Amino acid sequence: MSTITKLVPIPSGINQGIKPARQQTMLSLIGNPRATYNSKCQNPTNPRISSLIVVETVGRLKVRGLSPAVASLRAVIDEIRTSVPDVYETLGHMGMLCARLVRGSATAISNHAWGTAIDLTLDGKLDIRGDGLVQEGLTRIAPIFNKHQWFWGAGFRTEDAMHFECSDGLIRQWAQDGVFGATAPPDSGELYMFGDRGPEVMKLQTALNKKGALLLVDGDFGRNTQAAVMAFQRKHDLPADGVVGPKTLAALGL
């Protein structure tokens with residue numbers, strides 16, 4: 001087995017200061033790629049988003065994705081080529097644009113749906129999702145992705161080390177720069193709602209469970225989490241809108 005594809009533990013300190021793009025960020029700043037989703041890859045039907053999709057060769061990779069994401073990926077791959085050449089020579093991918101739901105979720109739209117995420121292979125091998133181990137080569141290029149504000153999927157509750165996606169901050173920066181044709185609204189700060197996922201949602205679910213909810217701590221803000229939030233808000237005389245903002249976070253002790 002190549003050292004590059006050898007499986008090793010997830011390193012500590014990954015994704016420092018970087019969060020996966022919230023679904024609300026994607027929907028409000030870029031738009032909804034499609035009206036309906038399932039577990040299969042489909043093309044965006046939103047003309048505005050389709051107009052931003054490009055097909056380009058980025059280093060060793062031919063990719064189809066959102067224009068600013070492809071441009072950012074080019075900078076990442078160029079740095080990998082010069083800084084980690086042995087890993088660069090093994091790079092492949094399993095796709096960037098794929099309008100579908102997150103694997104295992106009936107609610108969350110994958111960021112692949114916007115063409116802002118990519119699943120990488122090394123030596124033609126795809127890292128196994130959910131085994132808690134990662135290919136050694138991925139640990140060497142992840143800091144470069146993080147440097148360019150891409151979130152590494154090894155940080156999800158269900159480890160997904162093959163997966164890299166543009167962070168919430170990067171999407172917001174593009175919107176502020178007018179890439180999507182409009183200026184981004186002010187950052188709402190800590191705000192979580194239906195469809196969001198990631199480590200912060202896990203913290204929310206854990207806090208709700210301490211208050212009596214019986215949620216699966218899976219990092220997926222689905223219908224059950226929304227219902228638990230609304231029940232908590234009603235109990236604490238907060239607007240029961242199912243959206244977790246500063247007042248709900250404070251009541252939860254977060």
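Helices, of at least four residues, and strands, of at least two, are DSSP runs here, numbered from the N terminus. The model on screen is a predicted one.

**Stop 1: proline 20**

Select proline 20, which sits in the loop between strand E1 (7-9) and helix H1 (23-29). Is proline 20 buried or exposed? Its relative accessible area is 9%, and buried means under 20%, so proline 20 counts as buried.

Now show what surrounds it. Not counting residues up to four places away in sequence, proline 20 touches Phe151, Phe156, Glu165, Asp168, Arg197, Gly198 and Pro199. Add proline 199 to the selection and draw a line between the two C-alpha atoms: proline 20 and proline 199 are 8.9 Å apart in space, with their positions 179 residues apart in sequence.

**Stop 2: the cavities**

The model has 2 cavities of 30 Å³ or more. Start with the largest cavity, whose volume is about 80 Å³. To find it, select Lys19, Pro20, Arg22, Tyr192, Asp196, Arg197, Gly198, Pro199, Glu200 and Val201, which line it. Colour that lining by class and it shows 5 charged, 4 nonpolar and 1 polar residues.

Within this lining, look at arginine 22 and tyrosine 192. The charged end of arginine 22 sits over the ring of tyrosine 192, at 4.8 Å from the ring's centre.

Which residues line the second largest cavity? Select Ala21, Arg22, Gln23, Ile109, Asn111, Glu165, Gly195, Asp196 and Arg197. The volume of this second largest cavity is about 70 Å³. Its lining divides into 4 charged, 3 polar and 2 nonpolar residues.

**Stop 3: the largest pocket**

Next, go to the largest pocket, which holds about 330 Å³ of space. Centre the view on Val102, Arg103, Arg129, Thr158 and Arg197: of the 20 residues lining the pocket, these are the closest to its centre. The lining as a whole comprises 8 charged, 7 polar and 5 nonpolar residues.

**Stop 4: the aromatic rings**

Show the aromatic side chains. How many aromatic pairs are there? The count is 4. One of them joins phenylalanine 151 and phenylalanine 156; it is tilted, with 5.1 Å from centre to centre and 45 degrees between the planes. Both of these phenylalanines, 151 and 156, are buried.

Another pair is tryptophan 152 with phenylalanine 164, which is stacked: the centres are 6.0 Å apart and the planes differ by 5 degrees. Tryptophan 152 belongs to strand E8 (residues 150-152) and phenylalanine 164 to strand E9 (residues 163-166), so this pair ties together parts that lie 12 residues apart in sequence. Tryptophan 152 and phenylalanine 164 are both buried. Extend the selection to Phe145 and Trp150, and the one aromatic cluster formed by Phe145, Trp150, Trp152 and Phe164 is in view.

For a charge placed over a ring, select arginine 223 and phenylalanine 194. Arginine 223 lies over the face of phenylalanine 194, 4.1 Å from the ring centre.

**Stop 5: alanine 228**

Finish in helix H8 (residues 223-235), where alanine 228 lies. Alanine 228 has a relative accessible area of 15%, and it is buried. Leaving aside neighbours within four places in sequence, its contacts are Leu208, Ala213 and Leu215. As a last step, select glycine 242: its C-alpha atom is 8.2 Å from that of alanine 228, and the two residues are 14 residues apart along the chain.

Definitions and conventions:
Residues are numbered from 1 along each chain as its sequence is written. Side-chain values use heavy atoms; hydrogens and water are left out. On a 1 Å grid over the protein atoms alone, a cavity is a set of points where a 1.4 Å probe fits but cannot get out, and a pocket is an open set with protein on both sides within 12 Å along at least five of seven lines; lining residues have an atom within 4 Å of a point. Grid points are joined across faces, edges and corners, and a volume is the space filled by probe spheres set on the points. Ala, Val, Leu, Ile, Met, Phe, Trp, Tyr, Cys and Pro count as nonpolar, Asp, Glu, Lys and Arg as charged, and the others, Gly among them, as polar. Rings of Phe, Tyr and Trp (its six-membered ring) pair if their centres lie within 6.5 Å; planes under 30 degrees apart count as stacked, over 60 as edge-to-face and the rest as tilted. Buried means under 20% relative accessible area, exposed over 50%, partly exposed in between (1.4 Å probe, protein chains only). A charge sits over a ring if NZ of Lys or CZ of Arg is within 6 Å of the ring centre and within 35 degrees of the ring normal. Contact means heavy atoms within 4.5 Å.
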